[in-house]
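Student: Could you walk me through this one from the beginning? I have not looked at it before.

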Amino acid sequence: MELFFNKYLNAVKRTDTIHYTGSVSAVKGLMIESRGPRSMIGEICNIRIGKNKTVMAEVIGLEGHIVKLMAYDSTEGIEVGCEVVATGHVLQVPVGRKLIGRVIDATGRPYDGKGNLNTSEYYPALASPPNPMTRLPVDRRIVTGVRCIDSLLSCGKGQRLGIFAGSGVGKSTLLSMIARNTNADINVIGLIGERGREVMDFINRDLGEEGMKRSVVVVATSDTTSINRLRAAYTTTAIAEYFRDQGMDVMLMMDNMTRFAHAQREIGLSTGEAPAQRGYPPSVFDMIPKLLERTGTNDKGSITAFYNVLVDGDDLDEPITDKVRGTLDGHIMLSRALAQAKHYPAVDVLKSISRLARRVSGKMTLKAATKVARLVSIYEENREMIMAGVYQSGSSPDVDEAIAKHNAIEEFLMQEEYEHCPIEDTFRKLGALAEIEIPEEEFDESPQSIRKSVAEQVRNRKKAEVAESNSQAALTDLASISKSLS
Ligand SMILES: Nc1ncnc2c1ncn2[C@@H]1O[C@H](COP(=O)(O)OP(=O)(O)OP(=O)(O)O)[C@@H](O)[C@H]1O
Ligand SMILES: [Mg+2]
């Protein structure tokens with residue numbers, strides 16, 4: 001019953017009885033200028049074309065009485081004098097369990113032709129990150145189902161990582177492997193600036209029916225307007241925030257952040273911002289951390305996030321790569337050399353790092369992972385000598401071991417796209433390679449009891465705070481009742 005009324009209550013809440021209007025004064029490339037309406041940055045306006053058509057647009061700049069807008073759809077038909085109506089709110093995203101299994105666009109409209117979403121709740125696309133003081137600690141391991149990550153780069157529920165590579169090295173394939181195999185409760189996937197064919201391939205082939213059953217996909221293909229591509233990232237994040245607020249462990253995936261940065265570059269430059277680093281205006285570098293900080297844990301659940309970054313010209317110092325890498329809790333570097341050698345997933349384990357691996361791994365698991373990584377490193381350091389046949393067997397026990405185990409380690413780190421790797425298998429194989437026995441209790445998602453107790457302490461402290469504030473409120477009520485009686 002309550003749910004039934006909520007639908008109407010929300011509709012009433014979202015209705016503004018005073019309409020601020022303006023009229024289009026110019027259309028300059030991507031940007032529409034209008035005299036009025038009274039509005040704020042980020043506000044959604046509807047541009048009326050004739051009697052039946054409206055185009056949704058967002059306020060991206062204000063200059064005196066001139067409002068600068070960017071349209072979500074094509075600007076076709078917009079002419080000087082068209083009415084512009086302010087809605088009074090920023091982009092709102094439909095949320096709810098009914099989104100699961102659906103593909104939507106940046107504005108929350110269905111993209112899959114499966115009809116209405118039938119949701120009654122909305123979240124704002126633009127929101128602030130959770131308060132760092134109330135964030136739950138990251139102390140539970142997440143299973144990605146990708147053997148090289150689960151073993152050598154363990155990640156926690158609520159951790160945020162970047163997957164960095166040049167074009168065609170396997171970023172999207174790696175994301176789809178994680179989406180199919182992770183033990184997160186739900187996947188929220190943002191496909192930003194991808195080609196239409198790639199989107200369909202990802203949904204139908206990579207994710208498949210099984211993956212789609214526990215996923216929500218937000219799509220803004222490369223042919224959509226820049227505001228569309230930009231906001232798709234916010235919409236994806238808002239949907240993940242909704243599921244996190246339901247206490248779920250969410251897996252958010254963004255493919256990719258470079259297209260997000262390109263979209264903001266187009267918007268920034270068209271509003272008159274000066275280009276700073278490699279043509280990117282300063283707003284790009286301001287927006288990236290603001291978006292990425294929204295994921296992670298809050299006081300109810302977690303959003304583990306994987307952000308794909310297309311590294312321009314394989315240059316790891318290019319500004320977007322640098323900014324994203326510095327903001328996140330870890331990076332997975334894919335190597336073109338490995339991909340060319342058909343070593344998939346092409347993860348360069350020596351250049352990759354999971355900053356929270358220590359917090360979510362048991363003692364023996366860590367020991368085994370360090371040993372295997374060390375063997376990889378020793379082999380790489382001596383590769384040329386080994387290949388040239390210069391290395392004399394017996395000169396160094398470490399190098400001997402690295403050579404002896406090289407093929408087995410390679411095999412362990414490689415994984416077919418549709419190969420299923422349960423975490424128990426991964427840990428047993430890791431232990432065997434390192435010749436270290438990993439006890440079964442370390443297969444648990446929170447192997448370190450000490451970490452667990454930290455999380456419990458935080459949860460207990462929060463419970464106590466809520467109880468305290470409730471009793472304070474009750475005392476205040478009692479005081480006011482007794483005052484009014486006397
Ligand atoms: N695990 C894998 N097993 C086998 N082949 C793979 C694997 N991962 C990637 N590939 C191969 O690499 C190709 C490119 O992969 P993918 O599209 O994931 O790269 P990408 O980095 O996302 O590319 P882009 O930069 O164009 O988005 C795939 O078509 C596939 O042939
Ligand atoms: Mg890709």
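**Strands, ligand and helices**

Tutor: Let us begin with one pair of residues, bearing in mind that this is a predicted model: Gly 22 stands opposite Val 84 in β6. Beside that pair we can set another, in which Ser 23 faces Glu 83 of β6.

Student: How many bridges join β1 to β6, and do the two run parallel or antiparallel?

Tutor: Strand β1, residues 21–28, and strand β6, residues 83–90, are joined by three bridges and run antiparallel.

Student: What about β1 and β2, how many bridges are there?

Tutor: There are five bridges between β1 and β2, the latter covering residues 31–35, and these strands run antiparallel. One of the facing pairs is Val 27 with Ile 32 in β2. The two strands form a hairpin with two residues between them, and Gly 29 in the turn has a positive phi of about 60 degrees.

Student: In what order do the strands close into a barrel?

Tutor: Six strands take part, and going round the barrel the order is β1-β2-β5-β4-β3-β6, with antiparallel pairing. From one strand to the next, the twist averages 45 degrees.

Student: And what holds paired strands together in general?

Tutor: Strands of a sheet pair through backbone hydrogen bonds, and they may do so in either a parallel or an antiparallel way.

Student: Switching topic, which residues are closest to ligand 1?

Tutor: The closest are Ser 167, Gly 170, Ser 172, Thr 173 and Tyr 344, out of 13 residues that surround ligand 1. Divided by class, the shell around ligand 1 has five nonpolar, five polar and three charged residues.

Student: Which helix gives the largest share of that shell?

Tutor: That is helix α3, residues 171–181, which contributes three residues, the largest share of the shell around ligand 1.

Student: How do α3 and α4 lie relative to each other?

Tutor: Their axes come within 9 Å and cross at roughly 20 degrees, where α4 is the helix of residues 196–212. The two helices are therefore roughly parallel to each other, since an angle under 35 degrees counts as such. The contact is made from the α3 side by Ser 172, Ser 176, Ala 179 and Arg 180, and from the α4 side by Glu 198, Phe 202, Asp 206, Leu 207, Glu 210 and Gly 211. By class, this contact of α3 with α4 holds three nonpolar, three polar and four charged residues. Ser 172 is thus a name to remember, being listed among the closest residues to ligand 1 and also in the contact of α3 with α4.

Student: What is the angle between α5 and α6?

Tutor: Helix α5, residues 226–245, packs against α6 at an angle of about 135 degrees, and their axes are 8 Å apart. That angle makes α5 oblique to α6. The crossing of these two helices is left-handed. In this contact Ser 226, Ile 227, Arg 229, Leu 230 and Ala 233 of α5 meet Arg 259, Phe 260, Ala 263, Gln 264, Glu 266 and Ile 267 of α6. The residues of the contact of α5 with α6 are six nonpolar, two polar and three charged.

Student: And α11 with α12, what angle is that?

Tutor: Helix α11, residues 363–388, and helix α12, residues 397–413, pack at an angle of about 105 degrees with their axes 8 Å apart, and they are therefore roughly perpendicular to each other. Among the residues that meet there are Val 372, Leu 375 and Tyr 379 from α11, and Val 399, Ala 402 and Ile 409 from α12. The contact of α11 with α12 divides into ten nonpolar, two polar and three charged residues.

Student: Last topic, the backbone: which peptide bonds are cis?

Tutor: The bond from Gly 36 to Pro 37 is cis, with omega near 0 degrees, and Pro 37 lies in the loop between β2 and β3. The bond from Asp 255 to Asn 256 is also cis, with omega near 0 degrees, and Asn 256 sits in the loop between β15 and α6.

Student: What is the phi of Asn 118, and where is that residue?

Tutor: Asn 118 has a phi near 55 degrees, a positive value in a residue other than glycine, and its place is in the loop between β8 and β9. For context, most residues other than glycine have a negative phi, and most peptide bonds are trans.

Notes
Residues are numbered from 1 along each chain as its sequence is written. Chains are lettered from A and ligands numbered from 1 in the order in which they are written. This is a predicted model: local features need pLDDT of at least 70, side-chain atom pairs count only at pLDDT 80 or more; totals for chains, interfaces and linings use all residues. Two strands pair if DSSP finds at least two bridges between them. Helices (H or I, at least four residues) and strands (E, at least two) are DSSP runs, numbered from the N terminus. Axes are lines fitted to C-alpha atoms, for helices over the stretch in contact, and angles run from 0 to 180 degrees between N-to-C directions. A residue is near a molecule or strand if its C-beta atom, placed from the backbone, lies within 6 Å of it. Ala, Val, Leu, Ile, Met, Phe, Trp, Tyr, Cys and Pro count as nonpolar, Asp, Glu, Lys and Arg as charged, and the others, Gly among them, as polar. Angles under 35 degrees count as roughly parallel, over 145 as roughly antiparallel, 65 to 115 as roughly perpendicular and the rest as oblique. Two residues are in contact if their C-beta atoms, placed from the backbone, lie within 7 Å. A crossing is left-handed if the near helix is turned anticlockwise from the far one by less than a right angle, and right-handed if clockwise.
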